[in-house]
Amino acid sequence: MSGQLIGVGTGPGDPELITLKAVNALARADVVAHFAKRGHVSNARTIAAAHIGRKAVELPLLYPVTTEIPKDDPAYKKVIQDFYEESARTVEEHLAAGHTVVVLSEGDPLFFGSYMHLHVRLAHLYPTEVVAGITAMSGCWSAVGLPIAQGDDVLSVLPGTLPESELARRMDGADAAIIMKVGRNLPKIRRALETAGKLGEAVFVERGTMEAMVTMPLSEKPNDKAAYFSIVLVPGWRGQEINADVADHPGSSPGQALSPALRQAQDEGEESLAAMKGAHSSPPQNVGERWPREAGSVRGSPAEEIPQAKANHLDETNAAAADAPASPRTRP
Ligand SMILES: C[S@@+](CC[C@H](N)C(=O)[O-])C[C@H]1O[C@@H](n2cnc3c(N)ncnc32)[C@H](O)[C@@H]1O
């Protein structure tokens, strides 16, 4: 009897944002696999730690060290491809032995997740289930209370690895945009946003929903440093059509969906940027005051330096995959 492959999303970082379905899948796992950079702990594993059973065998899938190979060198791509092939073979050995293998994935497994490299190689061969996870972007815009898209807004999700001109072109045509894989791409993203006339609206979120979350208007970020777990949110909806929205949902009252800071700013007739700034300098709605306001966790403070040492182990997980040029149409 063959085993089962289960790709499990762990959500964006806050351990409370893991789903019941993910917890149940972990409870029946014989093997729990997670991708990580050598010498680092997988962020997905850290998020799900409390739910990994004592009897489960853990299977870290460790990215090869590739620092000596330039990213645009075909040799780099080959090393990464070989790694995914080998990882799939390792997981397959367990499946062939009848084991239930859970593969953890930060956020959602089928949204820029390393799990996908196993899925495309194994899902047609073994019974497979995918447990959706809360994506990083959703966790981040909720954590900072930033309404992102409404009505006819077009929302673009862009990897920060795209060339600068392409980023600017796509942001120009979008009402709302999410830029993933910020990290070392931040200076380029900043320039592209400026070209598209959207820098003033952009909100930077680092380690969203995690204890060390930092957020601020991107225009107020004092440096070009960003952790691997960073995202840029460009909101589309600014609340102007609030009455039409309420008409669609008669049970709600005007402004109900907005964070208190954003609503207050609207009441005072301020422009949308001021409203956004107010919204994300207040404590995130979902986590309230639970996160300590100590060094590194102050929100909306433009001068706040990122506590690199504190979360270093989170930064590089999946970095090899993230640094690879975006090529969505080629097989991984
Ligand atoms: C390989 S993608 C993984 C996306 C994930 N599967 C999801 O569903 O959101 C990694 C990128 O997601 C973003 N990301 C993931 N978690 C994040 C967090 N907690 N805060 C901010 N950005 C995050 C960063 O842009 C990071 O470079």
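**Ligand shell.** I began with the ligand: 27 residues surround it, and G107, T135, A136, G208 and I231 come nearest. I counted a residue as near when its C-beta atom, placed from the backbone, lies within 6 Å of the molecule. This is a predicted model, where local features need pLDDT of at least 70 and side-chain atom pairs pLDDT 80 or more, while totals for chains, interfaces and linings use all residues. Residues are numbered from 1 along each chain as its sequence is written.

Next I checked which elements contribute: α5 (136–143), β10 (230–234) and α12 (319–323) each give the shell at least two residues. Helices (H or I, at least four residues) and strands (E, at least two) are DSSP runs, numbered from the N terminus. Domain 1 (4–134) and domain 2 (138–301) each supply at least three shell residues; those bounds come from an automatic or database domain assignment.

**Cores.** I then looked up the largest nonpolar core, which has 44 residues; C140, I179, I231, V232 and L233 touch the most other members. Such a core is a set of buried Ala, Val, Leu, Ile, Met, Phe, Trp, Tyr and Cys residues joined through C-beta atoms within 7 Å. Buried means 20 or more other C-beta atoms within 10 Å of the residue's own, all placed from the backbone. Among the elements giving this core two or more residues are α5, β7 (176–180) and β10. A second, separate core of 31 residues includes L61, V91, V103 and V131.

**Whole chain.** Finally, I noted 12 helices and 10 strands, with 46% of the 332 residues counting as buried.

Note on methods. A residue is buried if 20 or more other C-beta atoms lie within 10 Å of its own, exposed if 12 or fewer, and partly exposed in between; C-beta atoms are placed from the backbone.
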